[in-house]
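This report considers selected side-chain features of one protein chain. The sequence and structure are shown first, and the discussion follows.

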Amino acid sequence: MTRTAGGCKKLTLFVVGDRSGNPTTRQIGAVDVSTGTREWKRSIGISNPFYQPSLCIVNGVIYCRTGPLYALNLTDGSTRWSYPLGTSDANLEPVSDGSTVYFVLNDSVRALDAESGELRWRVDLPGVASRPTLTDGTLYVGLENGLAALDSTTGNERFRVTISDSGTVSTSPIIAGGTVYLAADQTLYALTAQ
């Protein structure tokens, strides 16, 4: 959504599709919701042709993990930077607070500078099972059998909770009203955020 000079709002829909005919390429584009007019489109490379990426949009930038992690300009789809991931496992999406982009890769959580794409920190966290959820300077990451909370600036672990020795976390943590909600093996856990 953008604001025009007259104060009215313009809604734009961003879509990722497979219309290129190439299994290692996806099309991403912007469509004006009120008119249906395509504002821009471009191709982006992917490492896993069976994976349909979702988008993280913050401060005029689209972060899209498709193989590399792309930072694209919202207005025209041009590339600001890309960060190579070196893997075809691209099922966990990035999150951002506008200054840093966070994502999970190969049992690690990583933080990139949102402006340059440079690595700020990396924390190895075996058993990562979800994308991070960011709130109030803390990244909450679902593990195979619990939850880890990391300081979003440094990556230092604030706390870890084990909820089950045999359970598998099935969703990203949800934060509401100072409570962390986490689903594992058909059970919903409510944990006090600390």
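## Arg158 and its acidic partner

Arg158 is partly exposed, because its relative accessible area of 41% falls between the 20% and 50% limits. The model under discussion is a predicted one. The side chains of Arg158 and Asp151 form a salt bridge, with an N to O distance of 2.6 Å. The pair also appears as a polar contact of 2.6 Å between the two side chains.

Asp151, for its part, lies in strand β16, which covers residues 146-151. Asp151 has a relative accessible area of 16% and is therefore buried, the cut-off being under 20%. The bridge thus pairs a partly exposed arginine, Arg158, with a buried aspartate, Asp151.

## Surroundings of Asp151

The side chain of Asp151 has a further partner in the backbone: the distance to the backbone nitrogen of Thr154 is 3.0 Å. When residues up to four places away in sequence are set aside, Asp151 touches Trp121, Gly137, Asn156 and Arg158. Arg158 therefore appears both in this contact list and as the salt-bridge partner of Asp151, where a nitrogen within 4 Å of a carboxyl oxygen is required.

## Other salt bridges

The structure has 4 salt bridges in total. One of them joins Asp113 to Arg120, whose closest N and O atoms are 2.6 Å apart. Asp113 is buried, because its relative accessible area is 17%, whereas Arg120 is partly exposed at 43%.

Another salt bridge links the side chains of Asp124 and Arg122, at 3.1 Å from N to O. Here the aspartate is not buried: Asp124 has 52% relative accessibility and so counts as exposed, the limit being over 50%. Its partner Arg122 is partly exposed, with a relative accessible area of 44%.

## Cysteines

Which strand holds Cys56? Cys56 belongs to strand β6, which covers residues 55-58. With a relative accessible area of 11%, Cys56 is buried. Beyond its neighbours within four places in sequence, Cys56 is in contact with Val61, Ile62, Tyr63, Pro94, Val95 and Ser96. The C-alpha atoms of Cys56 and Ala71 are 9.6 Å apart in space, and the two residues are separated by 15 positions in sequence.

Cys64 is buried as well, with a relative accessible area of 0%. How many disulfides does a search of the whole structure find? The search returns 0 disulfides. A disulfide is a covalent bond between the sulfur atoms of two cysteines. For a pair to be counted, the two sulfur atoms must lie within 2.5 Å, and the search of the whole structure yields 0 such pairs.

## A nonpolar surface patch

Ile174, Tyr181 and Leu188 together make a nonpolar surface patch of about 300 Å². Leu188 is part of strand β20, which covers residues 187-192. Is Leu188 buried or exposed? Leu188 is exposed, because its relative accessibility is 61% and the limit is over 50%.

## Summary

Among the salt bridges of this predicted model are Asp113 with Arg120, Asp124 with Arg122 and Asp151 with Arg158. Cys56 and Cys64 are buried, and the whole structure contains 0 disulfides. At the surface, Leu188 contributes to a nonpolar patch with Ile174 and Tyr181.

Conventions:
Residues are numbered from 1 along each chain as its sequence is written. This is a predicted model: local features need pLDDT of at least 70, side-chain atom pairs count only at pLDDT 80 or more; totals for chains, interfaces and linings use all residues. Side-chain values use heavy atoms; hydrogens and water are left out. Patches are made of residues with over 30% relative accessible area and no salt bridge: like charges are joined within 9 Å, nonpolar side chains (Val, Leu, Ile, Met, Phe, Trp, Tyr) within 5 Å. Accessible areas come from the Shrake-Rupley method with a 1.4 Å probe; for residues, only the protein chains shown count as cover. Helices (H or I, at least four residues) and strands (E, at least two) are DSSP runs, numbered from the N terminus. Buried means under 20% relative accessible area, exposed over 50%, partly exposed in between (1.4 Å probe, protein chains only). Contact means heavy atoms within 4.5 Å. A polar contact is a pair of N or O atoms within 3.5 Å; within protein, one must be able to donate a hydrogen and the other to accept it, and residues adjacent in sequence count only if both atoms are side-chain atoms.
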